[in-house]
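Please open the model in your viewer and keep the selection panel at hand. The stops below each say what to select next and what is there.

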Amino acid sequence: MKYLYENNNNREVRINDDLVIGGNRKVVMAGPCTVSSYSELLATALRLKEMGVDVLRGGVFKPRKSPYDYQGLGEEGLEYLIEVRKIVGIPIVVELTDISYLDMYIDNVDIIQVGAKNMFNYELLKRLGKTNKPILLKRSMSATYEEWLLAAEYILKEGNTNVILCERGIRTFETSTRYTLDLQAIPYIHKFSNLPIIVDPSHAAGNRYMIEDMSRAAIAAGSDGLIIEAELNPDSAICDRNQTIDLDTLDRIVNYSKGNN
Ligand code: PEP
Ligand code: MN
């Protein structure tokens, strides 16, 4: 059987008139793990835009390990992102954790993220397949390449060809880092599928000091882009502080990714 992910006609996923993922240009998405305040978000986004970041990320419904951990600002956070998108003129990528929020997202969010914890949520994938929204499908920390591509197939089969894959680290026996970044996923996905793939070094590493090196490695290995947790004041990040980088570091990564270095 020939799968749709093998011959999907949309290796290049268009986000808007100016932005394509999977083309010649490397794409950089960045922003806070979790939206905390409107003013912080706006200040970060203005700098990101200035340095050439293509997409602003920000979590609002957060799938946290513990139910006692901060769960995000929810709809209020989404409103901040929508307002900042309008002011700054930057597309946004936001994780959707439950299909009941789809109406909130559909006309406002440029890229819908399916997080690692929801990669196996087939009903969610089928529903997103009925939209024509770009979907950023993160690899589960325990998914094989085949399981991940078949998750993409659930979206493609319903008619949505706008699927972007994201490698974000897998669980191995190593406990010194949060997960282990599997860069072999890049040549594998490019060889056996016709989908773009970007890399999230932030959740894989869990540590700031690794992000710049792993970003360069991902770009060198042929990644179509990066998604990175970065803030103007990383020490005040409300979630995933240890892996959130400052904007000077991000600027170097953007320059490297765009071939300016
Ligand atoms: C995120 O990107 O905010 C996130 C929760 O990542 P993951 O789904 O990869 O854990
Ligand atoms: Mn995070």
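Select helix α6 to begin: its 13 residues reach 18 Å from the first C-alpha to the last, close to the 18 Å expected at 1.5 Å a residue, where the expected span is 1.5 Å times one less than the number of residues. Helices here are DSSP runs of H or I with at least four residues, strands are runs of E with at least two, and both are numbered from the N terminus. This is a predicted model, in which local features need pLDDT of at least 70 and side-chain atom pairs count only at pLDDT 80 or more, while totals for chains, interfaces and linings use all residues. Residues are numbered from 1 along each chain as its sequence is written, chains are lettered from A and ligands numbered from 1 in the order in which they are written, and side-chain values use heavy atoms, with hydrogens and water left out.

Stay on α6 and colour its buried residues, which are Y145, W148, L149, A151, A152, E153, I155 and L156; buried means under 20% relative accessible area, exposed over 50%, and partly exposed in between, with a 1.4 Å probe and protein chains only. An α-helix has 3.6 residues a turn, so residues three or four places apart point the same way. The cover over the buried residues of α6 includes α1 (4–7), α5, β7 (135–138), β8 (163–167), α7 (185–192) and β9 (197–199), contact being heavy atoms within 4.5 Å. Just after this helix, G159 takes a positive phi of about 115 degrees.

Now pick E147, which lies in α6 (residues 145–157) and is partly exposed, with a relative accessible area of 31%. Not counting residues up to four places away in sequence, E147 touches M119, F120 and S142. For a sense of scale, add Y209: E147 and Y209 are 62 residues apart in sequence and 31 Å apart in space, C-alpha to C-alpha.

Next, move to N118, found in the loop between β6 (111–114) and α5 (122–129), where a relative accessibility of 13% makes N118 count as buried. Once neighbours within four places in sequence are left aside, N118 is in contact with L96, T97 and L124.

Turn then to ligand 1, which is surrounded by R57, K62, E95, Q113, G115, A116, K117, K138, R168, H203 and E229, each with a heavy atom within 4 Å of it. An oxygen atom of ligand 1 is 2.9 Å from an N or O atom in the side chain of K62, a polar side-chain atom of Q113 lies 3.0 Å from an oxygen atom of the ligand, and a backbone N or O atom of A116 lies 2.8 Å from an oxygen atom of ligand 1.

Where does K62 itself sit? K62 is in the loop between β4 and α3, and at 11% relative accessibility K62 counts as buried. Leaving aside neighbours within four places in sequence, the contacts of K62 are C33, T34, R57, Y70, Q71, G72 and C239.

Select ligand 2, the manganese ion, which is coordinated by C33 (SG), H203 (NE2), E229 (OE) and D240 (OD) at 2.0 to 2.4 Å. Donors are N, O and S atoms within 2.8 Å of the metal (3.2 Å for Na, K and Ca), and water is not among the atoms, so sites may look incomplete. Along the chain the donors follow the spacing C-x169-H-x25-E-x10-D. C33 lies in the loop between β3 and α2 and E229 in strand β10 (residues 225–229), so the pair ties together parts that are 196 residues apart in sequence.

Check the donors one by one: E229 counts as buried at 1% relative accessibility, and D240, in the loop between β10 and α10, is buried with a relative accessible area of 17%. D240 also has a positive phi of about 55 degrees although it is not a glycine.

End on helix α2 (residues 38–51), whose 14 residues should span 20 Å at 1.5 Å a residue and whose end C-alpha atoms are 20 Å apart, which agrees. In α2, L41, L42, T44, A45, L48 and M51 are buried, and the buried residues of α2 pack against β3 (27–31), β4 (55–57), α3 (75–88) and α10 (247–257). After α2 comes G52, whose phi is positive, near 95 degrees.

Technical notes:
A polar contact is a pair of N or O atoms within 3.5 Å; within protein, one must be able to donate a hydrogen and the other to accept it, and residues adjacent in sequence count only if both atoms are side-chain atoms.
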